[in-house]
Amino acid sequence: VGVFFRPLEKIAAVIEVYPKGLAGFRSYLDFLATRPDIADRAGAIELAGVRGDVRYEGVSFAYASGRPVLNEITLDIRAGETVAFVGPSGAGKTTICSLLPRFYEVTGGRITVDGHDVRDVTLASLRRSIGIVQQDVFLFAGTIRENIAYGRLDASEPDIVRAARRAQLDQVIAGLPAGLDTVIGERGVKLSGGQKQRLAIARMFLKDPPILILDEATSALDSETERQIQESLAALSVGRTTLVIAHRLSTVRNADRIVVVTRDGVAEQGAHEELIGADGIYARMISAQFHADPGIAQAS
Ligand code: ATP
């Protein structure tokens, strides 16, 4: 279980939301993110007014030739649906999610958003439509306000305040010496893991993307913080197509659909009760998790 996207991909993810005004920074990131294999096609269209229907049609992928990771995966995710990916480490959950924003290119099949092949739309418009919340939150030295507005630098003060409130970050901010103007980072206030997560969620409320990818934290947070984050994430995912790399039973139970990924591909899919009833891999996973760590199951 690791960092969702490796550093280069992370930079690629944020690059197009950075303001044109910061040309120096942008071109530096452009340089770092150069992937000659992943670029706009001639005549690529702008993805706009996205509903959020996502389809994987016979998707295959290999990081290195001859070593396939995904073999003809087919998934039909409806706009607004929350899908939780579960399965053993290394099965390909993260890989499935990282193909949607085109951090890697499929080697077979295709992925569509509202019927458009993701390779036929501009990278900028595709990635504007997709919000990513990772375990490893990218913060820069600056104020809380700047860090929240990172996804949308034209955001107004009321928008920023509202996003902070929806992410349950407002009380944290109220307790800081200069509120939203408090400097964080190396020379400023250090935020806790849970506070960083909430800041990442506030960013997403502000960015307001129709599609979300959540890489659920595996690190232990105290149960009150955990509950607040779960609540904020649940609120964030309302009305958005959400793909979650799930580690918590409560997330999985609440998902509209659970997709069980093994090294052989999608082994099972359905809602929690359905899969428990089917008494297959998922049912065994849940029972094993419960016996191994009752605390996790009780947290649901
Ligand atoms: P986890 O639950 O541990 O995060 P996962 O189900 O998300 O696992 P992936 O991270 O998608 O699995 O990995 C699927 C396979 O691809 C693994 O064999 C992994 O070693 C390999 N892999 C993942 N990222 C890369 C990469 N950047 N380069 C090469 N191989 C990779």
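## Helix 8

How many of the 15 residues of helix 8 are buried? Twelve of them are, so the helix is mostly covered; "buried" means that 20 or more other C-beta atoms, placed from the backbone, lie within 10 Å of a residue's own (12 or fewer is exposed, and in between is partly exposed). Before going on, keep in mind that this is a predicted model, where local features need pLDDT of at least 70, side-chain atom pairs count only at pLDDT 80 or more, and totals for chains, interfaces and linings use all residues. Residues are numbered from 1 along each chain as its sequence is written.

Helix 8 covers residues 193–207. Helices (H or I, at least four residues) and strands (E, at least two) are DSSP runs, numbered from the N terminus. Among the buried residues of helix 8 are Gln195, Arg198, Phe205 and Lys207. Their cover includes strand 6 (130–133), helix 6 (157–166) and helix 9 (223–237). The end C-alpha atoms of helix 8 sit 21 Å apart, which agrees with the 21 Å expected at 1.5 Å a residue; the expected span is 1.5 Å times one less than the number of residues. Right after helix 8 comes Asp208, with a positive phi near 55°.

## Strand 3 and its partners

Now look at strand 3 (residues 82–86), where five of the five residues are buried. In a regular strand the side chains alternate between the two faces of the sheet. Here Thr82, Ala84 and Val86 are buried on one side, and Val83 and Phe85 are buried on the other.

Strand 3 pairs with strand 10 in the parallel sense over four bridges; two strands count as paired if DSSP finds at least two bridges between them. Phe85 has Ile245 as its bridge partner in strand 10. Strand 3 also runs parallel to strand 11 (residues 257–262), again joined by four bridges, and there Ala84 stands opposite Ile258.

## Leu243 in strand 10

Leu243 belongs to strand 10 (residues 241–245). Why is Leu243 counted as buried? Because it has 27 C-beta neighbours inside 10 Å. Setting aside neighbours within four places in sequence, Leu243 is in contact (C-beta atoms, placed from the backbone, within 7 Å) with Val83, Phe85, Cys97 and Ile213.

## An open sheet

Elsewhere, four strands make an open antiparallel sheet in the order 2-1-4-5. Strand 2 (67–77) and strand 5 (116–117) are its edges, each pairing on one side only. Two bridges link strand 5 to strand 4 (residues 108–113), and Thr112 stands opposite Asp117 in strand 5.

Key
Two residues are in contact if their C-beta atoms, placed from the backbone, lie within 7 Å.
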